[in-house]
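Subject: Structure handover and notes

Dear colleague,

Please find the structure we discussed below, together with its sequence. My notes on what was found in it follow underneath, and I would be glad if you read them with the coordinates open.

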Amino acid sequence: MKDYQMRLARLLAESGALFFKEGLRLKDGRPTPYFINLGVFRTGRLAWQLGQCFAEWIDDAGMADEVQLIVGPSYKGSAIAQGAAIALYEKFGRDVAYDYDRKEAKTHGEATGHGMLFVTGAALEGGKTLILDDVGTSMTTKLDLIKKLNWLKPRLARPMEIMGVALAVDREQTQAVYDQKGRVREGEKGRDAVAAFTEESGLPVWSLLGVRKAVDYLHQEGLKVLIEDEFQLLSLDQLEQLDEYLEQYGR
């Protein structure tokens with residue numbers, strides 16, 4: 001593992017962003033033994049360190065000198081975009097613009113007479129654009145953001161090229177399967193969520209860290225994780241739960 005991957009795994013553990021608990025369900029309705037919530041990165045230190053991990057990944061991927069705009073889908077992606085932009089300037093001297101979308105277009109103030117879909121206005125400048133977010137389950141949020149960016153393209157000061165999407169953590173799973181009444185069919189494996197996103201959008205998806213690698217590292221290093229609301233060492237029980245879950249829903 002690379003240094004930024006190990007640091008990210010430790011941040012997930014110490015912050016409680018990665019946790020195991022009975023009765024959890026994903027947004028798509030499926031049960032899950034674990035969850036990842038980067039919304040708990042709510043202090044200056046945590047936001048700064050997460051931004052550094054993203055900045056180092058961007059540099060490692062050879063994009064630091066290329067990217068001109070970082071966009072994060074609201075709400076969690078907005079803080080990630082800002083943190084990564086700050087870290088890129090601090091670590092690599094790259095002053096990259098950042099932006100994030102609105103859930104509803106702004107129509108007052110500077111947006112009077114027309115709707116504004118993005119907050120800082122940096123997206124209106126176009127350029128090589130990288131999308132950053134916390135995790136990807138169904139990837140729907142990312143598709144919605146891309147639709148907004150594509151709507152902007154004819155209105156921009158310069159052409160926009162979306163480079164792809166980078167996730168903090170890859171859940172490494174497939175999409176949910178639903179019945180004719182829209183109810184989730186538990187135990188059934190759908191399409192690879194990332195592959196389906198790439199097929200629809202034409203964009204690559206990268207991740208800083210996969211959930212398997214993160215959990216294995218934390219277990220091997222003897223680092224405590226939030227389990228049933230208490231910080232504990234990962235046991236074989238959690239490892240087996242993850243293995244069974246990924247066997248059922250993983251890709």
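In this predicted model, strands β9 and β10 run antiparallel and are joined by four bridges. Within that pairing, I227 has E230 of β10 as its bridge partner, while V225 is matched in β10 with Q232. The two strands form a hairpin with two residues between them, and E228, which lies in the loop between β9 and β10, has a positive phi of about 50 degrees although it is not a glycine. You may want to look at that residue in the backbone angles, since most residues other than glycine have a negative phi.

The loop of this hairpin also takes part in a salt bridge, in which the side chains of D229 and K21 meet at 3.2 Å, N to O. The pair links distant parts of the chain, with D229 in the loop between β9 and β10 and K21 in the loop between β1 and β2, 208 residues apart. The structure holds 17 salt bridges.

On its other side, β9 (residues 224–227) pairs with β1 (residues 18–20) in the parallel sense, over two bridges, and here F19 stands opposite L226 of β9. These strands belong to an open sheet of four, ordered β2-β1-β9-β10, in which the pairing is mixed. Because β2 (34–36) and β10 (230–233) each have a single partner strand, they stand at the edges, and one side of each is left without a neighbour in the sheet. From one strand to the next, the twist averages 40 degrees.

Turning to the helices, α1 (residues 3–15) and α6 (residues 211–221) have axes that come within 10 Å and cross at roughly 75 degrees. Since angles of 65 to 115 degrees count as roughly perpendicular, that crossing makes α1 roughly perpendicular to α6. The residues that meet are Q5, M6, A9, R10 and A13 on the α1 side, and K213, A214, Y217 and L218 on the α6 side. Sorted by class, this contact has six nonpolar, one polar and two charged residues.

A further backbone feature to inspect is the peptide bond from S74 to Y75, which is cis, with omega near 10 degrees. Y75 is found in the loop between β3 (69–72) and α3 (76–92). For context, most peptide bonds are trans.

As for confidence, the chain averages a pLDDT of 92, and 94% of the residues score at least 70. Over residues 106–115, however, the pLDDT is below 50, and beyond near neighbours in sequence this stretch has 13 contacts in the model.

With kind regards

Conventions:
Residues are numbered from 1 along each chain as its sequence is written. This is a predicted model: local features need pLDDT of at least 70, side-chain atom pairs count only at pLDDT 80 or more; totals for chains, interfaces and linings use all residues. Side-chain values use heavy atoms; hydrogens and water are left out. Axes are lines fitted to C-alpha atoms, for helices over the stretch in contact, and angles run from 0 to 180 degrees between N-to-C directions. Angles under 35 degrees count as roughly parallel, over 145 as roughly antiparallel, 65 to 115 as roughly perpendicular and the rest as oblique. Contact means heavy atoms within 4.5 Å. Ala, Val, Leu, Ile, Met, Phe, Trp, Tyr, Cys and Pro count as nonpolar, Asp, Glu, Lys and Arg as charged, and the others, Gly among them, as polar. Two strands pair if DSSP finds at least two bridges between them. pLDDT is the predictor's confidence in each residue, from 0 to 100. A salt bridge is a side-chain nitrogen of Lys or Arg within 4 Å of a carboxyl oxygen of Asp or Glu.
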